[in-house]
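Colleague: Could you walk me through this model, one question at a time? Short answers suit me best.

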Amino acid sequence: MDWNRVEGNWKEMKGKVKEQWGKLTDDDLDVIAGKQDQLEGRLQQRYGYAKDQAKREIDDWYGRQSW
């Protein structure tokens, strides 16, 4: 997975991330700043996911994006 695409287009991707995970706040999205590990951590906090579940959710979401 080439996560650099997400980081490089974070301003555009924030809306898609918010659509997928509505519990994330704008402040969360600012802290995440396109970093995959930060997104994993915030999903664990907001949704109570285990680390591997958060990673799986992100991988699934990333795979559904049309580039």
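**A buried leucine**

Modeller: Leu-29 is buried, with a relative accessible area of 3%. Buried means under 20% relative accessible area, exposed over 50%, and partly exposed in between, with a 1.4 Å probe and protein chains only. This is a predicted model: local features need pLDDT of at least 70, side-chain atom pairs count only at pLDDT 80 or more, and totals for chains, interfaces and linings use all residues. Residues are numbered from 1 along each chain as its sequence is written, and side-chain values use heavy atoms, with hydrogens and water left out.

Colleague: Which helix holds Leu-29?

Modeller: Helices here are DSSP runs (H or I, at least four residues; strands are E, at least two), numbered from the N terminus. Leu-29 falls in residues 26-32, and that run is helix α3.

Colleague: Leaving aside neighbours within four places in sequence, which residues is Leu-29 in contact with?

Modeller: Contact means heavy atoms within 4.5 Å. Neighbours within four places in sequence are set aside. That leaves Trp-10, Lys-14, Val-17, Lys-18 and Leu-24.

**Charged pairs**

Colleague: How many salt bridges does the structure hold?

Modeller: Side chains of opposite charge can pair when their charged atoms come close. The cut-off for a salt bridge is a side-chain nitrogen of Lys or Arg within 4 Å of a carboxyl oxygen of Asp or Glu. By that rule, the structure holds 7.

Colleague: What N to O distance does the salt bridge of Lys-35 and Glu-7 have, and how many residues apart in sequence are the parts it ties together?

Modeller: The side chains of Lys-35 and Glu-7 meet at 3.1 Å, N to O. Lys-35 lies in the loop between α3 and α4 (36-47) and Glu-7 in helix α1 (residues 4-8), so the parts tied together are apart in sequence by 28 residues.

Colleague: Which residue forms a salt bridge with Asp-26?

Modeller: Asp-26 is exposed, at 52% relative accessibility. Its partner is partly exposed, with a relative accessible area of 30%. The two side chains meet at 3.6 Å, N to O, and the partner is Lys-18.

Colleague: Glu-40 and Lys-51 form a salt bridge; is Glu-40 buried or exposed?

Modeller: The side chains meet at 3.2 Å, N to O. This pair links distant parts of the chain, with Glu-40 in helix α4 and Lys-51 in helix α5 (residues 51-64), 11 residues apart. Lys-51 is exposed at 54% relative accessibility. Glu-40 has 7% and counts as buried.

Colleague: Which residues are linked with Asp-28 in a network of salt bridges?

Modeller: Salt bridges join Asp-28 into a network. The other members are Arg-42 and Arg-46.

**Aromatic rings**

Colleague: How many aromatic pairs does the structure hold, and is the pair of Trp-3 and Trp-61 stacked, edge-to-face or tilted?

Modeller: Rings of Phe, Tyr and Trp (its six-membered ring) pair if their centres lie within 6.5 Å; planes under 30 degrees apart count as stacked, over 60 as edge-to-face and the rest as tilted. The structure holds 4 aromatic pairs. For Trp-3 and Trp-61, the centres are 6.4 Å apart and the planes are at 55°, so the pair is tilted.

Colleague: How many residues apart in sequence are the parts that Trp-3 and Trp-61 tie together?

Modeller: Trp-3 is buried at 7% relative accessibility. Trp-61 is buried too, at 2%. Trp-3 lies in the segment before α1 and Trp-61 in helix α5, so the separation in sequence is 58 residues.

Colleague: Which residues do ring pairs link with Trp-3 into a cluster?

Modeller: Ring pairs build a cluster that includes Trp-3. The other members are Trp-21, Trp-61 and Tyr-62.

**Helix packing**

Colleague: Are α4 and α5 parallel, perpendicular or oblique to each other?

Modeller: Axes are lines fitted to C-alpha atoms, for helices over the stretch in contact, and angles run from 0 to 180 degrees between N-to-C directions. The angle between α4 and α5 is about 120°, with their axes 9 Å apart. Angles under 35 degrees count as roughly parallel, over 145 as roughly antiparallel, 65 to 115 as roughly perpendicular and the rest as oblique. α4 and α5 are therefore oblique.

Colleague: Which residues of α5 do the α4 residues meet?

Modeller: On the α4 side are Gln-36, Leu-39, Glu-40, Leu-43 and Gln-44. On the α5 side they meet Lys-51, Ala-54, Lys-55, Ile-58 and Asp-59.
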